[in-house]
Amino acid sequence: MNSAAGGSIPVVVTGALGRMGAEVIRAIQAAEDCYLVGAVDTTPGKEGHDVGDCLGLGPLEVAVTADLEGCLCACSQAVRDNGRGHGAVMVDFTHPSVVYSNTRAAIAYGVHPVIGTTGLSPQQLNDLNEFARKASIGGAVIPNFSVGMVLLQQAAAAAARFYDHAELTELHHNRKADAPSGTCIKTAELMEELGKSFNPEEVEEHESLEGSRGGRRPSGLRLHSLRLPGLVAHQEVMFGAPGETYTLRHDTIDRSAYMPGVLLCVRRVRQLEGLVYGLERLI
């Protein structure tokens, strides 16, 4: 287990026993400048057990707890004298139904949130950003931690200048709760920064099965969501013009692809003011 010596970053992981939470804990343990101080999870029968034993990593001397606020309070007190830019960090991979309250709790206790859970509404993001700024706490809400996905989004935003027709498709495992994914929404938002409209109607469409054409945004962009076991996380942006199509696609084969981005955020979030939205803001 890493120690707190040498300016290492104390990290709490919420959703610690989930697929992403477990991967984050492995990455934290392997990082020289981070150490695990809390593991929060509500899986029945796991509270009080060593999180390392639960994940097959061997004992890490950090017990699983379902008490998020108690864990945040203990972490905040442990580092309260370290000064600005040296607080604890919370990495959250939980569920859309609790991510807002988890993030607000972290800010309230002076713990810097790094949020990988999607599903926060624009209003919730604004509320959290205001709260974080008032509390002088930096945080990051990251729809996707993959550097490759950031590159796809930048390419999609550039291509949107030249194409009037585009549709986005995201594909995820069937345990993902929200649709469309936060990553897909973020991609659409970047494409829409041009202020243009997409997919001008050329016929009066009729859906014999409601939803067949996907979700339509005010800009005209259409977003489609697929959920199947065997998938991890995938996204495709297809542009069309007379005589050609242009397709951008990113495939996540393993969740380890997200860990460089997670660690990047953990290392930088304590120097931020307010909430940053999107990994491209930190690269």
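**Exercise 1.** How many bridges join β8 to strand β9, and do the two run parallel or antiparallel? Then work out which strands stand at the edges of the sheet.

*Solution.* The model is a predicted one. Begin with the pair itself: β8 and β9 (residues 222-227) are joined by two bridges and run antiparallel, and within this pairing arginine 216 has arginine 222 of β9 as its bridge partner. Next, place the pair in the open sheet, whose five strands follow the order β8-β9-β7-β10-β11 with mixed pairing. Since β8 (215-216) and β11 (244-252) each have a single partner strand, they stand at the edges, so one side of each is left without a neighbour in the sheet. Finally, add helix α6 (residues 147-159), which packs on the sheet by touching β10 (233-241) and β11, its direction making about 160° with that of β11.

**Exercise 2.** Decide how helices α4 and α5 are oriented to each other, and describe their contact.

*Solution.* The axes of α4 (residues 99-108) and α5 (residues 122-135) come within 10 Å and cross at roughly 10°. Angles under 35 degrees count as roughly parallel, and therefore α4 and α5 are roughly parallel to each other. In their contact, residues of α4 including Tyr100 and Ile107 meet residues of α5 including Leu128 and Phe131; by class, the contact has seven nonpolar, two polar and two charged residues.

**Exercise 3.** Find which residues touch the most other members of the largest nonpolar core.

*Solution.* This core has 41 residues, and Val51 and Val91 are the ones that touch the most other members. Elements giving two or more residues to the core include β1 (9-14), α1 (19-30) and α8 (259-268). Leaving aside residues up to four places away in sequence, valine 91 touches Val11, Val24, Val114 and Val262, among others.

How values were computed:
Residues numbered from 1 in each chain as written. Predicted model: local features only at pLDDT ≥ 70, side-chain atom pairs only at ≥ 80, totals over all residues. Heavy atoms only, no water. Core = buried A, V, L, I, M, F, W, Y, C linked by side-chain atoms within 4.5 Å. Buried < 20%, exposed > 50% of the residue type's maximum accessible area, 1.4 Å probe, protein only. Helix = DSSP H or I, 4+ residues; strand = E, 2+ residues; numbered from the N terminus. Contact = heavy atoms within 4.5 Å. Pairing = 2+ DSSP bridges. Axes fitted to C-alpha atoms, helices over the stretch in contact; angles between N-to-C directions. Parallel < 35°, antiparallel > 145°, perpendicular 65-115°, else oblique. Nonpolar A, V, L, I, M, F, W, Y, C, P; charged D, E, K, R; others polar.
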